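Let's walk through this protein together, one question at a time. Keep the structure view open as you read.

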Amino acid sequence: MIRFDFAGKRVLVTGGSQGIGLGIAAAFADSGADVVISGTRATAADYDEDLARFTYVQARLDRPGDRAELAGRVGAIDILVNNAGQSHPREYEMAGYGEVIEVNLNAAVELCYLFHPVLRERAGTIVNIGSCASFIAIGYAPAYTASKTALLGFTRAVADQWARDGIRVNLVAPGFIATRMTAEVRDDERKHGAMLRAIPARRFGTPGEVAAAALFLASPQASYITGQSIVVDGGLMIR
């Protein structure tokens, strides 16, 4: 097992209250980091998961005011993980499309900008959580696809510009991970079987497997890596 040491480092994981975000937050905490997570509910106690080991900050990331308040409350960090994201059942309507873009893309972009000064001071790193949809189209989710594709492009652009500031920026692109977001597929025998046939590994991934890639990109072991993406998909994109 690869072990990372983030003792003395402060990390913000947006959407860290459940799913992939919680897996990433837990992995950083296990590696000694001081971890702050954001979520939409009023308190950490409002979640089923035990979040006591983290500092919790409520923030609706579709609201620019909440994003600015989050940055102000969190203050100095060494690592920013832009994980918060969503899909919408009506992405072929402008209202639904806009909601997804606001959270998945605009919030991540603005938080990068808001935390840029302190990350520059601390030679920090940014890990954006994209998706296989950063590379391939999901026909029923045009907003999700657009947001994740754009996030990949944004990651590359700011990695180029901010390398001179000592900030590394990379992206992790998960495939189908066993979280609440994929429960509908996993709970439907027909859909589940079809998806497993499309994944060479013949299983869904785990949040911990995504976390391993995020921690690597944030670690000193990846000090010469910036503007890159790591796909964690069990081979889905091979086909």
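## A guided look at the fold

Of the 239 residues in the protein chain, 49% are buried. The model is a predicted one.

Q: How many helices and strands does the protein chain have?
A: Along the sequence, the elements follow the pattern β-α-β-β-α-β-α-β-α-β-α-α-α-β. The totals for the protein chain are 7 helices and 7 strands.

Q: What radius of gyration does the protein chain have, beside that of a compact globule?
A: The C-alpha atoms fill a box of roughly 50 × 40 × 35 Å along the principal axes. For 239 residues, a compact globule would have a radius of gyration near 18 Å. The value for the protein chain agrees with this, at 17 Å.

Q: Which residues of strand 4 point the other way from Ile79 and Val81?
A: In a regular strand, side chains alternate between the two faces of the sheet. Strand 4 covers residues 79-82, and all of these residues are buried. Ile79 and Val81 point one way, and the other way point Leu80 and Asn82.

Q: Which residue of strand 4 stands opposite valine 13?
A: Strand 1 (residues 10-13) pairs with strand 4 in the parallel sense, over 3 bridges. Opposite valine 13 stands valine 81.

Q: Which residue in strand 5 stands opposite asparagine 82?
A: Strand 4 and strand 5 (residues 125-129) run parallel and are joined by 4 bridges. Opposite asparagine 82 stands asparagine 128.

Q: What is the handedness of the β-α-β unit made by strand 4, helix 3 and strand 5?
A: The two strands of this unit, strand 4 and strand 5, run parallel. Together with helix 3 they make a β-α-β unit that is right-handed.

Q: How far apart are the end C-alpha atoms of helix 3?
A: Helix 3 has 28 residues, 94-121. At 1.5 Å a residue, helix 3 should span 40 Å. The distance between its end C-alpha atoms agrees with that, at 39 Å.

Q: Where in helix 3 does the kink of about 50° lie?
A: Look shortly before proline 117. The kink of about 50° lies at phenylalanine 115.

Q: Is histidine 116 buried or exposed?
A: Histidine 116 has its place in helix 3. From histidine 116 to tyrosine 97 is 28 Å in space, C-alpha to C-alpha, with their positions 19 residues apart in sequence. The relative accessibility of histidine 116 is 12%, and the cut-off is under 20%, so histidine 116 counts as buried.

Q: Which residue just after helix 3 takes a positive phi?
A: Most residues other than glycine have a negative phi. In the loop between helix 3 and strand 5, one residue has a positive phi of about 50° although it is not a glycine. This residue is alanine 123.

Q: What is the phi of arginine 202?
A: Arginine 202 lies in the loop between helix 6 and helix 7. At 47% relative accessibility, arginine 202 counts as partly exposed. Its phi is positive in a residue other than glycine, near 60°.

Q: What is the angle between the planes of phenylalanine 4 and phenylalanine 6?
A: The structure holds 6 aromatic pairs. Phenylalanine 4 and phenylalanine 6 form a tilted one, with 6.2 Å centre to centre and an angle between the planes of 40°.

Q: Which residue forms one aromatic cluster with Phe4 and Phe6?
A: Phenylalanine 4 is buried, with a relative accessible area of 15%. Phenylalanine 6 is buried too, at 2%. The cluster is completed by Phe28.

Q: How many residues apart in sequence are the parts tied together by phenylalanine 176 and phenylalanine 204?
A: These two rings form an edge-to-face pair, 5.9 Å centre to centre with 70° between the planes. Phenylalanine 176 lies in the loop between strand 6 (168-174) and helix 5 (183-187), and phenylalanine 204 in the loop between helix 6 (189-198) and helix 7 (207-218). The pair therefore ties together parts whose separation in sequence is 28 residues.

Q: How far apart in space are threonine 179 and glycine 19?
A: Threonine 179 lies in the loop between strand 6 and helix 5, and at 13% relative accessibility it counts as buried. Threonine 179 and glycine 19 are 160 residues apart in sequence. In space, C-alpha to C-alpha, their distance is 5.2 Å.

Notes:
Residues numbered from 1 in each chain as written. Predicted model: local features only at pLDDT ≥ 70, side-chain atom pairs only at ≥ 80, totals over all residues. Heavy atoms only, no water. Phe/Tyr/Trp six-rings, centres within 6.5 Å; stacked < 30°, edge-to-face > 60°. Buried < 20%, exposed > 50% of the residue type's maximum accessible area, 1.4 Å probe, protein only. Expected span 1.5 Å × (residues − 1). Bend = angle between axes of the 7 residues up to and from the residue. Pairing = 2+ DSSP bridges. Right-handed = clockwise from strand over helix to strand, strands pointing away. Rg over C-alpha atoms; globule rule 2.2 N^0.38 Å.
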